[in-house]
Amino acid sequence: MRLVGPNGEQVGIVRVEDALRLAAEADLDLVEVAPMARPPVAKLMDFGKYKYEAAMKAREARKNQVNTVIKEIKLRPKIDAHDYGTKKGHVVRFLKGGDKVKVTIMFRGREQSRPELGFRLLQRLAEDVAELGFVESAPKQDGRNMVMVLGPAKKKTEVRNQKRRDAERAAEPDDDEAAAPESSEVSTG
């Protein structure tokens, strides 16, 4: 079998008994890495340490993984200005959080004959939140509803990292404030 050393160096082609003896002397495991190769390839390594490091890499990858969440906001074509402001605030909050937002306008009765009202409302919302997000899918009529999807300008990982940095800064004591005590002078004017 072809033997690879613990640091990745090629030992060469050796008998299985010799490879097992070398593994025992070095207090390492003999792991077969390519059984179908001719000759088969084995490596000297600490298999427990290898499994632990692989598990830690997988755990770190899961921690950094981001699930895309689509939040939904529903509107009506004849929405009041204050209600529109409230709904727009929710959209802004979702986009700042790094989430996608699905905006749905529901038409009822005779409102269905005026889809341009809904289209204008969605355009207005898209313009109002243009600095935080972009139109991912343009407004389109879907039966009684008109749907538009807004995507965030910042990715969720960027938002999460920014929040983490802000929290760390808030936890650190400010050197300037600790060094300079507040003066208790009273100004008279």
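The paragraphs below walk through a predicted model of one protein chain, from its confidence to its charged pairs and a few points of backbone geometry.

Confidence is a good place to start. The mean pLDDT of the chain is 86, and 91% of its residues reach 70 or more. The values vary along the chain: strand 6, residues 100-106, has the highest confidence, at a mean of 94. At the other end of the scale, helix 6, residues 175-179, has the lowest, at a mean of 53. Where pLDDT is low, the predicted coordinates should not be read in detail. For a reader looking at the structure above, helix 6 is therefore a place for caution, with its mean of 53.

Attention now turns to charge. Side chains of opposite charge can pair when their charged atoms come close. A search of the whole structure finds eight salt bridges. One of them is formed by the side chains of Arg-76 and Glu-111, with a nitrogen to oxygen distance of 2.9 Å. Arg-76 sits in the loop between strand 5 (70-75) and helix 3 (81-96), while Glu-111 sits in the loop between strand 6 and helix 4 (115-128), so this pair ties together parts of the chain that are 35 residues apart in sequence. The C-alpha atoms of Glu-111 and Arg-76 are separated by 9.3 Å. The two partners also fall into separate classes of accessibility. Arg-76 counts as partly exposed, at 23% relative accessibility, whereas Glu-111 counts as buried because its value is 12% and the class covers residues under 20%.

Another salt bridge links Glu-116 and Arg-114, whose closest N and O atoms are 2.6 Å apart. Here both partners are partly exposed: Glu-116 has a relative accessible area of 33%, and Arg-114 has one of 40%.

A further pair is found within a helix. Arg-169 forms a salt bridge with Asp-166, and the closest N and O atoms are 3.3 Å apart. Both residues lie in helix 5, residues 156-171, where they are three residues apart, or about one turn of the helix. Arg-169 counts as exposed because its relative accessibility is 52% and the cut-off for that class is over 50%. Its partner Asp-166 is partly exposed, with a relative accessible area of 36%. Beyond such pairs, salt bridges that share partners join Arg-15, Glu-17, Asp-18, Arg-21 and Glu-25 into one network.

Some charged residues gather with others of like sign. Asp-27, Asp-29, Asp-46 and Glu-53 form a patch of negative charge on the surface. Of these, Glu-53 belongs to helix 2, residues 47-64, and is partly exposed, with a relative accessible area of 41%. Asp-27, another member of the patch, is placed in the loop between helix 1 (16-25) and strand 3. With a relative accessibility of 69%, Asp-27 counts as exposed.

Asp-27 also deserves a look for its backbone. The phi angle of Asp-27 is near 55 degrees, which is a positive value in a residue other than glycine. A second backbone feature appears at Pro-39, which is joined to Arg-38 by a cis peptide bond with omega of about -10 degrees. Pro-39 lies in the loop between strand 3 (29-34) and strand 4 (41-45).

Finally, the fold can be followed through residues that are separated along the sequence. Val-147 and Lys-74 are 73 residues apart in sequence, and their C-alpha atoms are 9.3 Å apart in space. Val-147 is found in strand 8, residues 145-152, and is buried, with a relative accessible area of 15%. Another such pair is Arg-160 and Lys-96, which are 64 residues apart along the chain and have C-alpha atoms separated by 10 Å. Arg-160 is placed in helix 5 and counts as partly exposed, at 33% relative accessibility.

Technical notes: Residues numbered from 1 in each chain as written. Predicted model: local features only at pLDDT ≥ 70, side-chain atom pairs only at ≥ 80, totals over all residues. Heavy atoms only, no water. pLDDT = per-residue confidence, 0-100. Helix = DSSP H or I, 4+ residues; strand = E, 2+ residues; numbered from the N terminus. Patch = residues over 30% accessible without salt bridge, like charges linked within 9 Å, V, L, I, M, F, W, Y side chains within 5 Å. Areas by Shrake-Rupley, 256 points an atom, 1.4 Å probe, with all protein chains shown as cover. Salt bridge = Lys/Arg side-chain N within 4 Å of Asp/Glu carboxyl O. Lys, Arg positive; Asp, Glu negative; His and termini not counted. Charge placed at Lys NZ, Arg CZ, Asp CG, Glu CD. Buried < 20%, exposed > 50% of the residue type's maximum accessible area, 1.4 Å probe, protein only.
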